[in-house]
Amino acid sequence: MDLNRDTSLLINSRKKMVNNYIERNLDIDDDVLEESVKHLPIAGGKRLRPIILILSAEAVSDVEHDNVTPVAAGFEALHTSSLIQDDHPSMDDHSMRRGVSTVHEKYDSAVSVLSSDILRSKATTWCTRIDRPTSTITRIIEEFDRTVEDMCIGQRKDLSFEKGEQSVTIEDYMDMIGKKTARMYGSCAKCGAITSQGSEREIETFERFGYQLGVGFQIVDDILDIRSAKTGKDSNSDIKNNKRTIVTMHANNKGKPIFSDSYTVEDKIGMIEEAGSVEYAKELAEEQIDDAIQEIEGIDCGGSEQSLEALVEIAEETKARNR
């Protein structure tokens with residue numbers, strides 16, 4: 001991320017906190033499973049979701065990091081668990097993730113399923129390791145579980161779109177990414193506020209911020225995939241695989257046969273440009289991210305102003321990726 005120096009230092013320190021916690025708490029009484037469970041987390045990742053959780057907690061109050069890092073690490077473990085599942089042959093069947101082989105490629109299909117399950121169980125356990133009232137911990141775990149359910153619904157919808165099981169509208173697509181992607185962002189910001197024992201107004205505000213940022217983030221990813229395909233950098237592009245994204249959906253709705261196998265990737269990029277689909281997606285992404293920023297910009301929660309500003313900068317940088 002191209003952030004100012006102080007924000008970059010802040011974010012990197014929070015990322016290090018999450019990484020250290022994960023690395024210290026992934027011991028398993030089985031050598032193969034321990035290695036497979038650690039494979040993807042140790043490979044890296046931006047850790048954007050847990051960073052948003054920690055910054056949200058800090059923006060609400062002067063929270064002790066021992067009371068927020070375990071929850072942030074739990075959400076990162078959940079995210080990684082979902083990536084292992086997404087990569088599985090029964091889902092998207094990817095062979096690379098974060099610059100390394102996916103878990104099912106390096107080990108096998110069964111081990112990848114077990115590794116995902118273990119990460120999911122670790123995530124829940126970590127969320128209980130904070131010095132907060134039982135009611136607060138229960139609320140976090142309930143939010144955690146609802147997030148898992150929505151992510152599963154979103155993934156099922158995404159798979160049905162790819163298989164052509166139904167006609168898909170842009171509204172259908174927005175609902176899908178809301179569940180599959182944005183829900184996690186919203187829950188992270190929300191649980192940060194919950195962990196800091198914020199007011200209901202603060203909790204709801206940060207949830208809306210995270211959700212709208214997550215929608216914008218996914219739309220920007222859709223746009224970047226088109227750019228990668230155009231430059232020939234991505235041999236596994238959404239266009240090549242006839243995936244339903246906001247860009248390809250818009251082109252299809254403009255009468256372009258974007259999902260036909262009779263055309264090359266280059267032909268389809270031309271159709272997308274003719275339909276103005278990238279510009280449409282850019283405007284939609286900026287609207288979502290601007291709405292996210294508006295939710296928290298200038299809010300006075302009594303916590304860290306620097307952390308609040310860092311959240312705004314993360315959103316602004318997400319929007320900048322769109323240009």
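## His104 and its surroundings

Let's start with a histidine: His104 sits in helix α5, which covers residues 103–106. Keep in mind that this is a predicted model. With a relative accessible area of 10%, His104 is buried, since the cut-off for that label is under 20%.

What does His104 touch, leaving aside residues up to four places away in sequence? Its contacts are Asp87, His88, Pro89, Asp93, His94, Ser109 and Ser112. Asp87 also turns up in a polar role: its backbone oxygen lies 3.3 Å from a polar atom of the His104 side chain.

## Aromatic pairs

A pair of aromatic rings is described by the distance of the centres and the angle of the planes. The count here comes to 3 aromatic pairs. One of them is Tyr21 with Trp126, an edge-to-face arrangement with 5.5 Å from centre to centre and 85° between the planes. This pair links distant parts of the chain, with Tyr21 in helix α1 (residues 5–24) and Trp126 in helix α6 (residues 109–127), 105 residues apart. Both Tyr21 and Trp126 are buried.

Phe75 and Phe144 make another pair, and their planes meet at 65° with the ring centres 5.1 Å apart, so this one is edge-to-face too. Because Phe75 belongs to helix α4 (residues 69–87) and Phe144 to helix α7 (residues 134–162), the pair ties together parts that are 69 residues apart in sequence. Phe75 is buried at a relative accessible area of 0%, and Phe144 is buried at 1%.

## Arginines over rings

Two arginines are worth a look here. Arg244 lies over the face of Phe259, 3.8 Å from the ring centre. Arg321 does the equivalent with Phe217, lying over its face at 5.0 Å from the ring centre.

## The nonpolar core

In soluble globular proteins, nonpolar side chains tend to be buried together. In this model, the largest nonpolar core has 97 residues. Which residues have the most contacts inside it? They are Phe75, Phe206, Phe209, Ile219 and Ile246. Helix α8 (residues 170–195) supplies the largest share of this core, with 13 residues.

Ile246 gives a feel for the packing. Not counting residues up to four places away in sequence, Ile246 touches Ile170, Tyr173, Met174, Ile219, Asp222, Tyr280, Ala281 and Leu284.

## Salt bridges

How many salt bridges does the structure hold? There are 23. In one of them, the side chains of Arg14 and Glu58 meet at 2.7 Å, N to O. Arg14 is in helix α1 and Glu58 in helix α3 (residues 48–60), so the pair ties together parts that are 44 residues apart in sequence. Arg14 counts as buried at 13% relative accessibility, and Glu58 is buried at 5%.

Arg146 and Glu143 form a salt bridge at 3.3 Å, N to O. Because they are 3 residues apart in helix α7, about one helical turn separates them. Here the accessibility is split: Arg146 is partly exposed at 40%, whereas Glu143 is buried at 1%. Lys243 and Asp158 form a salt bridge as well, with their closest N and O atoms 3.6 Å apart. That pair links distant parts of the chain: Lys243 is in the loop between α9 (200–231) and α10 (246–253), and Asp158 is in helix α7, 85 residues apart. Lys243 and Asp158 are both buried. Finally, salt bridges with shared partners join Glu143, Arg146, Asp150, Arg183, Lys190 and Glu207 into one network.

Methods. Residues are numbered from 1 along each chain as its sequence is written. This is a predicted model: local features need pLDDT of at least 70, side-chain atom pairs count only at pLDDT 80 or more; totals for chains, interfaces and linings use all residues. Side-chain values use heavy atoms; hydrogens and water are left out. Rings of Phe, Tyr and Trp (its six-membered ring) pair if their centres lie within 6.5 Å; planes under 30 degrees apart count as stacked, over 60 as edge-to-face and the rest as tilted. Helices (H or I, at least four residues) and strands (E, at least two) are DSSP runs, numbered from the N terminus. Buried means under 20% relative accessible area, exposed over 50%, partly exposed in between (1.4 Å probe, protein chains only). A charge sits over a ring if NZ of Lys or CZ of Arg is within 6 Å of the ring centre and within 35 degrees of the ring normal. A polar contact is a pair of N or O atoms within 3.5 Å; within protein, one must be able to donate a hydrogen and the other to accept it, and residues adjacent in sequence count only if both atoms are side-chain atoms. Contact means heavy atoms within 4.5 Å. A nonpolar core is a set of buried Ala, Val, Leu, Ile, Met, Phe, Trp, Tyr and Cys residues joined through side-chain atoms within 4.5 Å. A salt bridge is a side-chain nitrogen of Lys or Arg within 4 Å of a carboxyl oxygen of Asp or Glu.
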